[in-house]
Amino acid sequence: MRTTATSTLRTRTRWLAALAAVAAVPAAAAEAPLLRCELRYFSTTMQVEARPVADPYTVAAQDVGTRFRFKAVVLGTQERVDSVSLYAYDMAVANAPVLIHEVVHRPPFPPGTAIPALTGWNHVYSSRLGRELVYGCALGTEAAR
């Protein structure tokens, strides 16, 4: 009888430990840094999200219409952000892509998770016909999404 009770207790303890581990994962993920950007070009608005990476060269730039590309790189880990780098490329010129805008933000980051708390509104212009890309970003967490 004692063996069965001990075995049952061990099984319950293992289940509780497993449930606690599973419950802890979403809590940690919810606190993970998340960069959210809003891009406006022509009559289109799009959202871009970026999570921390160790290697900035693994992040792909995203097309914004046919005129621009935008790249947001968050360097760091799930626990901290070392820097946020933002790039805009002109795609409507010879030898495209041509880097036309680059900015790097380093800690301490301004408070606020509403776009454009981190960057303010930035206006970037193509050299051809002066087309305009407007963007703003905020650094928050997955939970503040």
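This report describes the fold, core, salt bridges and backbone features of a predicted model of one protein chain.

## Overall fold

The protein chain contains one helix and nine strands. In sequence order the pattern is α-β-β-β-β-β-β-β-β-β, with the helix ahead of the strands.

The chain has 145 residues, and 33% of them count as buried. Its accessible surface is about 9,100 Å², and carbon and sulfur atoms account for 56% of that area. Of the contacts between residues at least 6 apart in sequence, 45% join residues at least 24 apart.

## The nonpolar core

The largest nonpolar core holds 21 residues. Those that touch the most other members are Leu 35, Cys 37, Leu 39, Phe 70, Val 84, Leu 86 and Leu 133. Two or more residues of this core come from each of strand E1 (33-41), strand E2 (44-50), strand E5 (68-76), strand E6 (81-90) and strand E9 (132-141).

Leu 35 gives a view of the surroundings of one core residue. With neighbours within four places in sequence left aside, Leu 35 is in contact with Val 48, Glu 49 and Ala 50, and also with Ala 72 and Val 74. Its other contacts are Val 84, Leu 86, Leu 118, Cys 137, Ala 138 and Leu 139.

## Salt bridges

Side chains of opposite charge can pair when their charged atoms come close. In this model the count comes to five salt bridges. One of them pairs Glu 38 with Arg 40, with the closest N and O atoms 2.7 Å apart. Glu 38 has a relative accessibility of 17% and counts as buried, whereas Arg 40, at 36%, is partly exposed.

Arg 51 and Glu 142 form another salt bridge, with an N to O distance of 2.6 Å. This pair links distant parts of the chain: Arg 51 lies in the loop between E2 and strand E3 (52-53), and Glu 142 lies in the segment after E9, 91 residues apart. Arg 51 is partly exposed at 36% relative accessibility. Glu 142 has a value of 19%, and the limit for buried is under 20%, so Glu 142 counts as buried.

A further salt bridge joins the side chains of Arg 69 and Asp 63, at 2.8 Å from N to O. Both partners are partly exposed: Arg 69 has a relative accessible area of 28%, and Asp 63 has one of 48%. Salt bridges that share partners also join Glu 49, Arg 51 and Glu 142 into one network.

## Backbone features in the loops

Two cis peptide bonds can be described here. One joins Ala 96 and Pro 97, with omega about 5 degrees; Pro 97 is in the loop between E6 and strand E7 (98-105). Another joins Pro 107 and Pro 108, with omega about 0 degrees. Pro 108 is placed in the loop between E7 and strand E8 (122-125).

Positive phi values also occur in residues other than glycine. Asn 95 has phi near 65 degrees and sits in the loop between E6 and E7. The relative accessible area of Asn 95 is 71%, which makes this residue exposed. Leu 129 has a positive phi of about 65 degrees and is found in the loop between E8 and E9. At 61% relative accessibility, Leu 129 is exposed.

Methods. Residues are numbered from 1 along each chain as its sequence is written. This is a predicted model: local features need pLDDT of at least 70, side-chain atom pairs count only at pLDDT 80 or more; totals for chains, interfaces and linings use all residues. Side-chain values use heavy atoms; hydrogens and water are left out. Helices (H or I, at least four residues) and strands (E, at least two) are DSSP runs, numbered from the N terminus. Buried means under 20% relative accessible area, exposed over 50%, partly exposed in between (1.4 Å probe, protein chains only). Contact means heavy atoms within 4.5 Å. Accessible areas come from the Shrake-Rupley method with a 1.4 Å probe; for residues, only the protein chains shown count as cover. A nonpolar core is a set of buried Ala, Val, Leu, Ile, Met, Phe, Trp, Tyr and Cys residues joined through side-chain atoms within 4.5 Å. A salt bridge is a side-chain nitrogen of Lys or Arg within 4 Å of a carboxyl oxygen of Asp or Glu.
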